[in-house]
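Open the model in your viewer and keep the selection box at hand. Each stop below says what to pick and what is there.

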Amino acid sequence: MNKAEELNTFMAPDADMDKMEDILKTWVTKVNDEKLRVEMAEALAKEQGISKSSRKLYKLRQIRPLLVAAASIVLLIGFFYLYTSDVSPSHLATQYVETQTLQHPGSFKGVSIVNQSRTQGIIAFNNGDFKQAVIHFEEISAPNDEDTYYLGLAHLKVGQYKDAAVKLEQSAKNTARFHEEVNWFLALTYVLDGRSADALSYLSKIKKGDWRFEDAQELIHTLNKIN
Amino acid sequence: MLMESKNFGLTEASFGQMVLNLKANDTRFFRQVFLKQFEETVVYVKREYQANQEDAYDATMDALLEFRNRFVEGKLTYGNLRYLFTKMSTQMYFRNIKKRHNHFEDLEKIPQLPKENATDSVPESFKSAWQTLGIKCKELLSQHYYGSMRLTDIAIESSSSPATVRKKKERCIKKLKEIMLETI
């Protein structure tokens, strides 16, 4: 594909997503590579006196203690893993729910019908007024997958765990879009609702590399301690 | 200690940290480590292959960029980076020489061939839109496309959810296309 063809493919309203992703990756890589090339050339000239045309302009003056940064990071990681908590699973789950910043990113692609309840629900959700968000999301006559998911989160935030579980389970069945989030939030919901076995079942679905994997491991560890 | 000397003084842990930094498009640690090897490699390519300063410099720089790319793609792991870097710089030197040779042959056929550089194949409208795009969008798109960072990992890093990051990415691409449309 030449430059013009790539441009047309990228700009097409009905662009093939895979092709568009490939093109964008190529372009972003090239502009960033060029930027890095310039930065490195400047650093070489300034710090080591090395340029493209001459071997060495002046002697190396600085040697930087780069391992200081690495050592600090290793220490921090060490402290993190050495720390063992004695808190209960529900206390831990409450902490996770309370400290999790939740933002509704607005309607997804394909949602074209303006729905006042949805708009008010999103505004209330993003203002942290989850009680109002529940009221507005429940008013939506034909809720989509996204409405169901965010209604579940709003229920969770106001402590209506049974309702939260129903909506999040429904969301899990209807769409895979939120699957990583649903695994985590359903697990928290079940911990807070006293259903440890269900919580463990969802926590075990959170695989290495998934969102909240480390936190899930900590929660599993805490749950297993009391069981 | 032996492994560290084969890996530019990096321990396996610090190597892992460097790769994580690169994925987040933070190149400072990478530059600190690899620019120290630059002159040594340039000297090697010049000595072994009778290359001139300019060609050896370009080959080493190309190898550095390729190394970054392979690190973030997970195609290069901790092992004997020093050896691989020298080898890749040599390969880049021969690749560039070959490319230039073909280029000269083309020049005989096409009177005014444009000068090649890394971003020549990128449309001007994209280059200019990229300059205008907001810093947060550039950061997100760079982490995902240049750093090969998964949206889930970006979400963890930014303390938000994957759905939020996916939505932000969609919006950034939409914005990018809008700016490009103004310049096409």
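**Stop 1: two crossing helices**

Select α2 and α5 of chain B. In this predicted model, the two helices pack at an angle of about 95°, with their axes 9 Å apart. An angle from 65 to 115 degrees counts as roughly perpendicular, so α2(B) and α5(B) are roughly perpendicular to each other.

Now show side chains where they meet. From α2(B), pick Val19(B), Leu22(B) and Lys23(B). From α5(B), pick Arg68(B), Phe71(B) and Val72(B). By class, this contact has 4 nonpolar, no polar and 2 charged residues.

**Stop 2: the whole of chain B**

Zoom out and color chain B by secondary structure. Chain B has 10 helices and 0 strands. Read along the sequence, the pattern is α-α-α-α-α-α-α-α-α-α. Chain B has 184 residues, and 33% of them count as buried. Take the contacts in chain B with a separation of 6 or more: 62% of them are between residues 24 or more positions apart.

**Stop 3: helix α4 of chain B**

Select residues 38-49 of chain B, which form α4(B). Check the length with a distance between the end C-alpha atoms. These atoms are 17 Å apart, and the 12 residues of α4(B) should span 16 Å at 1.5 Å a residue, so the two values agree.

Which residues of α4(B) are buried? Highlight Phe38(B), Thr41(B), Val42(B) and Val45(B). They cover an arc of only 100° around the axis, so they sit on the same side of α4(B).

Rotate to the face turned away from that buried side. There you find the exposed residues Glu40(B), Arg47(B) and Glu48(B).

**Stop 4: Gln50(B) and Ser159(B)**

Step just past the end of α4(B) to Gln50(B). Gln50(B) lies in the loop between α4 and α5 of chain B. Its phi is positive, about 50°, although Gln50(B) is not a glycine. Is Gln50(B) buried or exposed? Count C-beta atoms: 9 others lie within 10 Å, so Gln50(B) is exposed. The cut-off for exposed is 12 or fewer.

Jump to Ser159(B), in the loop between α9 and α10 of chain B. Ser159(B) is not a glycine, yet it has a positive phi of about 50°. Ser159(B) counts as exposed because it has 10 C-beta neighbours inside 10 Å.

**Stop 5: Ala155(B)**

Move back to Ala155(B), which lies in helix α9 of chain B. Ala155(B) has 21 other C-beta atoms within 10 Å, so it is buried; the cut-off is 20 or more.

What does Ala155(B) touch, not counting residues up to four places away in sequence? Within chain B, the partners are Ser160(B), Ser161(B), Pro162(B), Thr164(B) and Val165(B). Across the chain boundary, Ala155(B) touches Trp211(A). Add Arg166(B) to the view: Arg166(B) is 11 residues from Ala155(B) in sequence and 9.0 Å away in space, C-alpha to C-alpha.

**Stop 6: where the chains meet**

Show both chains and select the residues in contact. On chain B there are 43, and they meet 43 residues of chain A. On the chain B side, the elements that give two or more residues are α2, α3, α4, α5, α7, α8, α9 and α10. Which element gives the most? It is α10(B), with 8 residues. Color this side of chain B by class: 22 residues are nonpolar, 13 polar and 8 charged.

**Stop 7: chain A**

Hide chain B and look at chain A. Chain A has 11 helices and 0 strands. Buried residues make up 32% of its 227 residues. Among contacts in chain A between residues at least 6 apart in sequence, 42% join residues at least 24 apart.

Finish on helix α8, residues 161-174 of chain A. This helix has 14 residues and reaches 20 Å from its first C-alpha to its last, close to the 20 Å expected at 1.5 Å a residue. Select its buried residues: Ala164(A), Ala165(A), Lys167(A), Leu168(A), Ser171(A) and Ala172(A). Then show what surrounds them: the buried residues of α8(A) pack against α7 (145-157) and α9 (179-192) of chain A.

How values were computed
Residues are numbered from 1 along each chain as its sequence is written. Chains are lettered from A and ligands numbered from 1 in the order in which they are written. This is a predicted model: local features need pLDDT of at least 70, side-chain atom pairs count only at pLDDT 80 or more; totals for chains, interfaces and linings use all residues. Two residues are in contact if their C-beta atoms, placed from the backbone, lie within 7 Å. Helices (H or I, at least four residues) and strands (E, at least two) are DSSP runs, numbered from the N terminus. Ala, Val, Leu, Ile, Met, Phe, Trp, Tyr, Cys and Pro count as nonpolar, Asp, Glu, Lys and Arg as charged, and the others, Gly among them, as polar. The expected span of a helix is 1.5 Å times one less than its number of residues. The arc is that of the directions from the helix axis to the C-beta atoms. Axes are lines fitted to C-alpha atoms, for helices over the stretch in contact, and angles run from 0 to 180 degrees between N-to-C directions. Angles under 35 degrees count as roughly parallel, over 145 as roughly antiparallel, 65 to 115 as roughly perpendicular and the rest as oblique.
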